[in-house]
Amino acid sequence: MDSIRISTAQNIDIDYEIAGLGERIAARCIDLAGFAVLAIITLVVMGAAQMAMSGIAAMVILFIFLAVFVFYDLVCEITMDGQTFGKKVLKIKVISIDGTQPTFGQYIFRWLFRMVDFGFPFGWGVVALVSVAVTENHQRLGDLLAKTTLIKTKARTELANVAFSFNLPEEYEPLFKEVLHLNDRDIELIHEVLTSYYQTGNADLIYAMAAKTNAHILVNIPAGMNELQFLETVLKDYNHLTANMGV
């Protein structure tokens, strides 16, 4: 399966699977289904407004609905980390082709070319369907010009292959013997935070967990060791020390 490699702030390369045509279509159908429901509600409200107030009120309601429809994708992707509600359900998101978070300009580019990709009233998405099907990174025209694509939010690279290995050499020397002040639940929580980080890229989790862990074991972190490396070392040290104690 096609994938894209994303380099994190800690210079760790994570592989993410590129979303295919099926995921894109399914996500779009979910979004359109939501708009279908919203359209029915809008028609009902417009009818009530026209009866109770005036035709102007009904036109204002229609204008609001059309504005939501036109700007929905742009606003959602900017405010929801590259996702619409449909994309969130399918667990896919927009990402730059170089693996970085898209800029505001890239989101605008994708949005501006929706008219070409999805062709209204004619075309019905033929350009987008063909482009996604034939391009290497499954990009529609707007993606090609904005240099973006869609990825599945779950990393292909397993945590054990990226963050640390429990198969430590016999000569391994623990750096923080104070990790024995931690318990199994503490270690499990650190592992969960690392797993979440590699799936979502949310570095704030790493910073918070590193600060909490260091406040508990009170160690001097060597110069040049970042928060991610600190947590990885804590897990390695705990594993080594407890294994040698027969725990």
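Which residues form a nonpolar patch on the surface? In this predicted model, the patch consists of Val 37, Leu 38, Ile 41, Val 45, Ile 56, Val 60, Phe 63, Ile 64 and Val 68, and together these residues have about 810 Å² of accessible area. Two elements, H1 and helix H2 (55–79), each give two or more residues to the nonpolar patch. The greatest contribution comes from H2, with 5 residues.

Val 68 is one of the patch residues and is located in helix H2. With a relative accessible area of 35%, Val 68 is partly exposed. This value lies between the limits of 20% for buried and 50% for exposed, which means that neither of those classes applies.

**Overall composition**

The protein contains 11 helices and 4 strands. Of its 247 residues, 40% are buried. The exposed area of the protein is about 13900 Å², and 65% of it is supplied by carbon and sulfur atoms. When contacts between residues at least 6 apart in sequence are considered, 67% join residues at least 24 apart.

**Helix H6 and its cover**

Helix H6 spans residues 126–134, and Ala 128, Ser 131 and Val 132 are buried within this helix. Viewed down the axis of H6, the buried residues fall within an arc of 95 degrees, so they line one face of the helix. An α-helix has 3.6 residues a turn, so residues three or four places apart point the same way. The cover over the buried residues of H6 includes three helices, listed below with their residue ranges.

| Helix covering the buried residues of H6 | Residues |
|---|---|
| H1 | 21–52 |
| H5 | 114–118 |
| H7 | 141–146 |

H1 thus takes part in covering H6 and also gives two or more residues to the nonpolar patch on the surface.

**Thr 149 in strand E4**

Thr 149 belongs to strand E4, which comprises residues 148–155. Is this residue buried or exposed? Thr 149 counts as buried because its relative accessibility is 0%, and the limit for that class is under 20%. The side chain of Thr 149 reaches the backbone oxygen of Asn 137 at 2.7 Å.

Leaving aside residues up to four places away in sequence, Thr 149 touches Ile 4, Ile 18, Arg 24, Lys 93, Val 94, Ile 95, Ile 97, Asn 137, His 138, Gln 139 and Asp 143. Asn 137 therefore appears both in this list of contacts and as the residue whose backbone oxygen the side chain of Thr 149 reaches, with contact taken as heavy atoms within 4.5 Å.

Technical notes: Residues are numbered from 1 along each chain as its sequence is written. This is a predicted model: local features need pLDDT of at least 70, side-chain atom pairs count only at pLDDT 80 or more; totals for chains, interfaces and linings use all residues. Side-chain values use heavy atoms; hydrogens and water are left out. Buried means under 20% relative accessible area, exposed over 50%, partly exposed in between (1.4 Å probe, protein chains only). A polar contact is a pair of N or O atoms within 3.5 Å; within protein, one must be able to donate a hydrogen and the other to accept it, and residues adjacent in sequence count only if both atoms are side-chain atoms. The arc is that of the directions from the helix axis to the C-beta atoms. Patches are made of residues with over 30% relative accessible area and no salt bridge: like charges are joined within 9 Å, nonpolar side chains (Val, Leu, Ile, Met, Phe, Trp, Tyr) within 5 Å. Accessible areas come from the Shrake-Rupley method with a 1.4 Å probe; for residues, only the protein chains shown count as cover. A salt bridge is a side-chain nitrogen of Lys or Arg within 4 Å of a carboxyl oxygen of Asp or Glu.
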